[in-house]
Amino acid sequence: MPGTARHDREMAIQAKRNLTKTTDPVERLRLQCLARGSAGIKGLGRVFRIMDDDNSRTLDFKEFVKGLNDYAMMIDKEEAQEIFRVFDRDGSGTIDFDEFLVTLRPPMSNARKEIIMQAFRKLDKTGDGIVTIEDLRGVYNAKHHPKYQNGDWTEDQVFRAFLDNFDSPYDKDGKVTTEEFMNYYAGVSASIDTDVYFIVMMKNAWKL
């Protein structure tokens, strides 16, 4: 599978190590998420999504702090205020959580972004910027999946489970956007030090 358990473990260990060194509150929050593996940032997104009762896709400070607590993030009130201020660029008292999750994403070099986009384009057969089950039919072979082989799942269920890896956890619609694909690989990328190694891994995983 494109994101391996080993990379996840390495990244989590590395993040925990770096946590003891950093004083930047946003970086601390990022590392706390990454310490949970490449889905850590997505997980925080899910918590915020559940709390967004009015579907405004924004959070005020109270909701923001509650979300951090619900996700068991070790952050005191002063730090939370500082982080909130960084994201509340216009001083409106609310933050846009899509923007928040993108900023929380570990930074990546252009070389990495380019190879991630190559993989996305390979999956996106129709070229409309969204990967669906239909797109996967010619690219991903479901017949090797153990659950397909033992008769538990149909081919479509295998495709759906595959897409769910990349899909936003709070909004699983069986469609994966470039943004969601990037978010997933930003987590994987954080565990891999060199661009060369990351690119080789992507080329092997997606036969690019």
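Which side chain of opposite charge is nearest to Asp124, and how far away is it? Keep that puzzle in mind while we take a walk through this model, which is a predicted one.

Let's start with the whole chain. Its secondary structure comes to 12 helices and 4 strands. The radius of gyration is 18 Å, close to the 17 Å that the globule rule gives for 208 residues, so the chain is as compact as a globular protein of that length. If you draw a box around the C-alpha atoms along the principal axes, it comes to roughly 50 × 40 × 30 Å. Of the 208 residues, 44% count as buried. Now look at contacts between residues at least 6 apart in sequence: 60% of these join residues at least 24 apart.

Next, find helix H2, residues 25–34. Here 9 of the 10 residues are buried, so the rest of the structure largely encloses this helix. Among the buried ones are Pro25, Val26, Leu29 and Cys33. At the N-terminal end of H2 sits a cap, Asp24, with a side-chain oxygen 2.9 Å from the backbone nitrogen of Val26.

H2 also holds a salt bridge, in which the side chains of Arg30 and Glu27 meet at 2.6 Å, N to O. These two residues are 3 apart in the helix, and about one helical turn separates them. Why does that spacing suit a pair of side chains? An α-helix has 3.6 residues a turn, so residues three or four places apart point the same way. Arg30 counts as buried because its relative accessibility is 13%, below the 20% cut-off. Glu27, at 25%, counts as partly exposed.

A search of the whole structure finds 10 salt bridges, so let's visit some others. Arg105 and Glu179 meet through their side chains at 2.9 Å, N to O. Arg105 lies in the loop between helix H6 (97–104) and H7, while Glu179 is in helix H11 (residues 178–189), so this pair ties together parts that are 74 residues apart in sequence. Arg105 is buried, with a relative accessible area of 15%, whereas Glu179 is partly exposed at 37%.

Another salt bridge joins the side chains of Arg121 and Glu114, at 3.0 Å, N to O. Both are partly exposed: Arg121 has a relative accessible area of 46%, and Glu114 has 37%. Elsewhere, Glu134, Arg137 and Asp156 form one network through salt bridges that share partners.

What does the UniProt record say about this chain? An unreviewed entry lists residues 39–74, 75–110 and 111–146 under "domain: EF-hand". In the model, residues 75–110 are 56% helix and 8% strand, with their end C-alpha atoms 32 Å apart. For residues 111–146, the figures are 50% helix and 6% strand, and the end C-alpha atoms lie 34 Å apart.

Now we can return to Asp124, in the loop between helix H7 (110–123) and strand E3 (130–131). The nearest side chain of opposite charge is Arg121, 8.4 Å away, and Asp124 is buried yet has no salt bridge. What does the side chain of Asp124 reach at 2.7 Å? It reaches the backbone nitrogen of Gly129. Leaving aside neighbours within four places in sequence, Asp124 is in contact with Gly129, Ile130, Val131 and Asp135.

Technical notes
Residues numbered from 1 in each chain as written. Predicted model: local features only at pLDDT ≥ 70, side-chain atom pairs only at ≥ 80, totals over all residues. Heavy atoms only, no water. Buried < 20%, exposed > 50% of the residue type's maximum accessible area, 1.4 Å probe, protein only. Lys, Arg positive; Asp, Glu negative; His and termini not counted. Salt bridge = Lys/Arg side-chain N within 4 Å of Asp/Glu carboxyl O. Polar contact = N/O pair within 3.5 Å; in protein donor to acceptor, adjacent residues only side chain to side chain. Contact = heavy atoms within 4.5 Å. UniProt positions renumbered as here; feature names shortened; annotations may be inferred. Rg over C-alpha atoms; globule rule 2.2 N^0.38 Å.
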